[in-house]
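Hi,

Here's the structure I promised to pass along. Have a look at it first, then read on for what turned up.

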Amino acid sequence: MSSGTVPVALGARQNVLHPHSPAEHSIATLWWVMFAVSCVGLAFIALLLLLGWIRRNREALPFGGGERGATRLVVGLGIATPIVLLSALFVWSDVFVIRSTAAPSRGSTALTVHVVGHQWFWEIGYRGARGTTANELHIPVRTKVNVLATTADVIHSLWVPELNRKIDLIPERTNSVLLYADRAGTYLGQCAEFCGLQHAHMELIVIAQPRPQFEQWLRGQSSDAGAASGGGLQVFMRDGCANCHQIRGTAARSQVGPDLTHVASRRTLAAGTIPNDRAHMRAWLRDPQDLKPGAKMPQTLMSQRDLGTLVDYLEGLK
Amino acid sequence: MTAVAPPVGRSRTERLDLIWEERPGLLGWLTTVDHKRIGLLYFFTTLAFFGAGGIEALLIRTQLAGPNATVLSPEAFNEVMTMHGITMIFLFIIPMTTGAFGNYLLPLMIGARDMAFPRLNALSFWLFLGGGLFLYGGLLLGKGPNCGWFCYTPLNTRTYDPGLNADFYALGLIFNSVASTATAINLIVTSFKLRAPGMSFNRMPLFVFAMLAVSFSLVFALPALTTDLVFLELQRKLGFHFFDVAHGGDSLLWQHLFWLFGHPEVYIIILPAMGIATSIIPTFAKRKMIAFPLVALAELLVAFIGFGVWGHHMFATGLSVSTLVFFAAASMMVVIPSTIQIYAWLFTVNLGRPEFRAPLLFIGGFIALFVIGGLSGIMFAAIPFDQATTDTYFVVAHFHFIIFGAAVFPILGGMFYWFPKVTGRMYNERLAQASFWVTFAGTMLTFFPMHIVGLLGMTRRIYTYHSGFGWDSYNLAETIGAYVLTLGLLMIFANLLWSRFRGVLAGPDPFYGGTLEWTTTSPPPPYNFAVIPTVTSPYPNWDRDDSDGLPLDHGHETQATTVRDGYFDEVLHMPSESGWPIVLGAVAVVFFVMLLTTHYIVAGIFAAVAALTVIAWNVHEPPQE
């Protein structure tokens with residue numbers, strides 16, 4: 001089954017110049033100013049090149065001052081001008097703007113989220129709430145959120161282009177980045193540091209929602225899975241799924257792969273590889289290696305009937 | 001052959017021919033110590049690797065032409081992507097500029113008859129070839145390096161890269177850096193000691209200043225890389241813990257050491273290009289470079305400041321803000337030596353009577369592309385912008401404007417410029433100019449849209465992407481651009497190949513260049529100069545000196561002069577051709593293969609054989625007269 005278009009596009013993009021937070025606004029402004037000055041600089045150089053081209057095979061310019069004058073111009077344009085411009089850029093970007101992308105100071109945020117990078121999914125937990133979820137980070141809108149990030153294996157990098165800079169996830173270190181969204185909506189992020197075979201499929205969805213809805217969502221995620229019926233849990237326990245995955249409220253407790261307690265509430269499977277619906281879930285369970293070659297989830301050999309039962313169960317875990 | 005008593009009663013050039021002639025045929029190429037022949041060996045070998053790296057680039061672009069493509073599997077993509085980077089940097093640009101251009105041209109430009117250490121020079125080439133074949137052996141076995149050219153830990157450890165892939169990477173690059181270090185030392189000693197009498201330090205051609213800066217950078221930067229790679233192999237093969245956090249190692253240590261080498265590396269790539277530009281511009285502007293001392297100083301400063309900027313590759317790793325600010329300031333400072341040179345080039349062109357033949361066209365293209373890549377480079381010194389766009393296609397765009405635009409364009413221009421010197425024949429001018437425009441258009445179309453997809457959030461090193469991000473049409477344009485670029489390059493090489501056999505005879509000095517290589521025949525004789533010239537200007541062909549010069553026609557000899565002032569010091573007896581360098585190169589291949597396959601005892605034996613080879617190399621030298 002083809003994964004087709006990005007499952008959660010829904011109009012969401014990851015455009016650096018489409019800022020939805022004060023930090024990203026300052027980055028975008030920085031870009032536009034640097035871009036404008038660069039255009040002027042490039043145009044000036046292009047003019048000098050063009051002048052040489054137009055004057056090709058003709059006598060030298062009647063240049064007042066000759067070589068000494070030209071050397072003065074090299075000093076003026078090649079040393080003095082860049083010193084002035086670069087100093088201005090340095091003070092503006094690296095003394096002032098840098099504060100907006102700095103790690104949030106202790107206690108300055110209303111919410112703290114723990115993100116752990118894995119090959120190839122994001123594990124997400126909320127301080128003060130039970131359990132973890134995966135690949136989908138909900139935040140309350142217009143609220144400062146401190147993301148504390150680290151990795152369980154190799155280096156990854158967390159980046160939600162419309163909300164802030166990126167931050168690397170490094171073994172045994174915890175880095176911190178501020179997330180803030182000025183408007184409710186869906187924002188896309190992804191792993192930005194090469195992390196092996198499926199670096200291309202490690203997408204993070206950030207959903208900013210009004211505070212009450214967020215809190216309702218968080219309560220839902222913290223709760224255990226509802227009572228199982230229909231035999232899907234038995235297949236889950238019997239056919240190896242439980243070796244890696246946790247479903248809170250059942251005997252499946254392993255935390256190697258993503259927590260599946262509320263897997264049906266998520267929009268995508270396999271970190272943005274495919275949409276989360278019955279057909280894709282079925283295809284994924286039948287042969288993960290076909291949809292995401294190299295993924296840590298092995299192929300399982302279960303009957304069509306067991307597969308259907310399992311899909312029924314998992315798609316019921318809202 | 002050496003040790004032949006100089007026959008009396010013949011003309012000077014006949015005697016020199018007899019003294020300097022090497023064996024004919026294939027054996028002559030395998031045992032050569034002539035810097036020009038070694039330069040040509042480097043040229044054709046690096047060109048072959050350029051072809052391989054180019055095919056890898058086309059595979060990458062074909063895979064990324066549209067969303068969800070399956071031209072390459074994820075594993076194949078990662079190996080091809082990694083080998084593309086390693087090939088272009090370590091097996092093409094550095095050996096092309098130092099090994100081919102540096103080797104061939106530097107002794108000619110300073111009026112010497114060979115490099116300071118001719119056999120070491122031959123050894124450098126054979127080690128380079130061995131290292132390149134070693135790396136490609138990995139790819140052909142399906143075990144090519146697959147972790148990206150900077151291969152971050154812990155992805156490069158056995159836990160996450162259990163095959164031989166990262167071992168091919170680490171051992172192959174150690175192998176390669178031995179060859180580069182030997183070349184660099186040779187270039188340094190040659191330009192310090194073998195200059196023609198009268199060529200004081202301030203009369204050295206700017207190309208030689210650039211090669212000197214590159215060589216010092218290599219000598220000081222490569223040990224950081226080698227250290228990193230040795231740590232990695234000790235960890236992978238013998239269970240050391242340099243990067244293993246669980247046992248007190250540090251995962252950022254790899255990045256610090258890598259970029260302590262890796263950023264000077266960028267200037268190692270760009271400096272020879274600057275040297276080529278400062279050779280071509282005065283010739284076609286028909287005047288000396290303006291601000292000559294400033295440009296020479298700028299070339300040395302680029303290399304020096306380049307050692308203080310490595311941290312800007314790590315702005316997203318969570319280093320403290322004060323650390324970031326230091327590296328940002330250094331990164332901005334390194335801009336200034338470049339702007340000095342850019343304006344010096346442009347004013348030299350405009351104060352002269354410019355003739356836009358193919359070499360100058362390529363330099364014009366180089367300046368435009370270098371300025372674009374330089375401006376986007378400055379943006380990465382603005383820390384918040386770097387933190388947003390690092391590891392995206394915006395970076396890929398930036399460094400391809402630098403590495404392809406600013407480093408390869410002068411190499412291509414230089415191929416045309418020195419083609420008549422090397423072959424004695426002219427290239428086809430009209431085809432050369434047409435190929436410039438095709439190559440330039442292809443370059444812009446391939447790399448410019450990468451800025452835009454980078455800002456639209458496309459990260460580097462992804463083997464595929466979904467539709468719906470607004471990336472599809474830009475990626476398609478880039479792929480079309482890559483094929484246009486390939487066409488331009490094929491036009492260039494077809495031109496050179498055809499002209500090699502059919503071009504009109506060029507004569508010694510078709511462009512009326514200013515430096516010493518234009519004072520000898522095309523192609524130069526094995527001894528380069530019948531009489532070692534006396535130099536009184538940085539442009540000795542334009543300011544000819546009438547004094548007699550040194551004949552040195554009684555043996556296999558060249559001159560040594562004092563380092564600063566270029567006063568005549570002594571006559572050096574140069575070693576003869578030898579088979580030992582290629583033997584030692586072959587022994588080195590076996591040694592590295594044994595390390596790779598963990599046959600440490602056999603590796604030790606071959607290390608001993610290598611030591612014996614070095615002894616034999618010296619014992620075998622017949623006594624010099």
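Below are my notes on the chain contact, two helix pairs and a run of strands.

One thing before you start: this is a predicted model.

Let's begin where the chains touch. Chain A puts 79 residues into the contact and chain B puts in 71. On the chain A side, the elements giving two or more residues are helix 1 (22-54), helix 2 (66-101) and strand 7 (166-169). Helix 2 of chain A supplies the largest share of that side, with 19 residues. By class, the chain A side splits into 43 nonpolar, 22 polar and 14 charged residues.

So what does helix 2 of chain A meet across the way? One partner is helix 11 (residues 335-351) of chain B: the two axes come within 9 Å and cross at roughly 150°. The crossing is right-handed. From helix 2 of chain A, the residues in contact include Leu73(A), Leu77(A), Pro82(A) and Leu86(A), while helix 11 of chain B offers, among them, Ile336(B), Ile340(B), Tyr343(B) and Phe347(B). This contact has 16 nonpolar residues, two polar ones and no charged ones.

Next, a pair inside chain B. Helix 8 (residues 253-285) and helix 14 (residues 393-423) of chain B have axes that come within 9 Å and cross at roughly 40°. That angle is why the two helices of chain B, 8 and 14, count as oblique to each other. Their crossing is left-handed. Helix 8 of chain B brings residues including Val266(B), Ile270(B), Ala273(B) and Ile280(B), and these helices meet through residues of helix 14 of chain B such as Ile403(B), Ala407(B), Pro410(B) and Tyr417(B). Here the classes come out as 14 nonpolar, two polar and no charged residues.

Finally, the strands of chain A. Strand 1 (residues 111-118) and strand 2 (residues 121-126) of chain A run antiparallel and are joined by six bridges. Val116(A) sits opposite Glu123(A) of strand 2, and the two strands make a hairpin with two residues between them. Strand 2 of chain A also runs antiparallel to strand 3 (residues 132-134) of chain A, with three bridges joining them. In that pairing Gly125(A) stands opposite Thr132(A). Strands 2 and 3 of chain A form a hairpin as well, with five residues between them, and Gly128(A) in the turn has a positive phi of about 90°.

Cheers

Conventions. Residues numbered from 1 in each chain as written. Chains lettered and ligands numbered in written order. Predicted model: local features only at pLDDT ≥ 70, side-chain atom pairs only at ≥ 80, totals over all residues. Axes fitted to C-alpha atoms, helices over the stretch in contact; angles between N-to-C directions. Helix = DSSP H or I, 4+ residues; strand = E, 2+ residues; numbered from the N terminus. Parallel < 35°, antiparallel > 145°, perpendicular 65-115°, else oblique. Left-handed = near helix turned anticlockwise from the far one by under 90°. Contact = placed C-beta atoms within 7 Å. Nonpolar A, V, L, I, M, F, W, Y, C, P; charged D, E, K, R; others polar. Pairing = 2+ DSSP bridges.
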